[in-house]
Amino acid sequence: MTASRAPTTAEELRGAGLRVTAARVALLETVREGDHLGVEAIASGVRDRVGHVSLQAVYEGLHALTAAGLVRRVEPAGDPARFEGRVGDNHHHVVCRTCRAIADVDCARGAAPCLTASDDHGFAIDEAEVIYWGLCPDCSATSS
Ligand SMILES: [Zn+2]
Ligand SMILES: [Zn+2]
């Protein structure tokens, strides 16, 4: 069996029907290497790679990557959006109420929707997005 070469980031963008630019490649790589980064952190990661890119271009790029399914947007209530490269596995998140640390939690059932609605109102439900809220180990240590 011959090992097939993993597609490059540029090939993945092209495969998703997106225009390939250095900024978009840098954007996708920054999101994938980061851990649920916010837009400002992503913008600075992109600038480290390719020089100046406007915040507007970062927003537009993230929108395109999210729509193409290459990037996932996580938006805990009351917080700015964060982005991650882990897509397609219906995982959930746990968020610290105090410091806003965020971590991945595998889907409870392994496939969407992992919760059965008590009343589906006739909707064909295909996803349940769960955010677990609490205190991270650091914050619960300092608050006790
Ligand atoms: Zn915390
Ligand atoms: Zn995640």
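This passage walks through a zinc site, a small set of strands, two unusual loop residues and a pocket in a predicted model.

The zinc ion (ligand 1) is a good place to start. Its protein donors are the SG atoms of C96, C99, C136 and C139, lying 2.3 Å from the ion. Read along the chain, these donors follow the spacing C-x2-C-x36-C-x2-C. What arrangement do the 4 donor atoms make around the zinc ion? The angles they subtend run from 104 to 112°, so the arrangement is tetrahedral. For background, four tetrahedral donors at a metal would ideally give angles of 109.5 degrees. As for how much of the site can be reached from outside, C136 and C139 are both buried.

Next comes an open sheet, built from 3 strands in the order β1-β3-β2, with antiparallel pairing. β1 (37-38) and β2 (72-74) stand at the edges; each has a single partner strand, so one side of each has no neighbour in the sheet. In general, the strands of a sheet are held in pairs by backbone hydrogen bonds, and the pairing can be parallel or antiparallel. Here β2 pairs with β3 (residues 82-84) in the antiparallel sense, over 3 bridges. To pick out a bridge by residue, V74 has R82 in β3 as its partner.

Two histidines stand out for their backbone angles. H36 isn't a glycine, yet it has a positive phi of about 55°. H36 sits in the loop between α2 (22-33) and β1, which links it to the sheet just described. H121 also has a positive phi of about 55°, again without being a glycine. The loop that holds H121 runs between β5 (102-105) and β6 (131-134). Which of the two words, buried or exposed, fits H36? With a relative accessible area of 3%, H36 counts as buried, because the cut-off for buried is under 20%. H121, on the other hand, has a relative accessible area of 61%, so it lands on the exposed side of the over 50% cut-off.

That leaves the largest pocket, which holds about 180 Å³ of space. Which residues line the largest pocket? The lining is made up of R72, R73, V87, G88, D89, N90, A112, E127 and E129. Sorted by class, that gives 5 charged residues, 2 polar and 2 nonpolar. The pocket also ties back to the sheet: R72 and R73 are among its lining residues, and β2 covers 72-74.

How values were computed: Residues are numbered from 1 along each chain as its sequence is written. Chains are lettered from A and ligands numbered from 1 in the order in which they are written. This is a predicted model: local features need pLDDT of at least 70, side-chain atom pairs count only at pLDDT 80 or more; totals for chains, interfaces and linings use all residues. Side-chain values use heavy atoms; hydrogens and water are left out. On a 1 Å grid over the protein atoms alone, a cavity is a set of points where a 1.4 Å probe fits but cannot get out, and a pocket is an open set with protein on both sides within 12 Å along at least five of seven lines; lining residues have an atom within 4 Å of a point. Grid points are joined across faces, edges and corners, and a volume is the space filled by probe spheres set on the points. Ala, Val, Leu, Ile, Met, Phe, Trp, Tyr, Cys and Pro count as nonpolar, Asp, Glu, Lys and Arg as charged, and the others, Gly among them, as polar. Two strands pair if DSSP finds at least two bridges between them. Helices (H or I, at least four residues) and strands (E, at least two) are DSSP runs, numbered from the N terminus. Buried means under 20% relative accessible area, exposed over 50%, partly exposed in between (1.4 Å probe, protein chains only). Donors are N, O and S atoms within 2.8 Å of the metal (3.2 Å for Na, K and Ca); water is not among the atoms, so sites may look incomplete. Four donors count as tetrahedral if all angles lie between 85 and 135 degrees; four count as square planar and six as octahedral if opposite donors are over 155 degrees apart and all others between 65 and 115; anything else is irregular.
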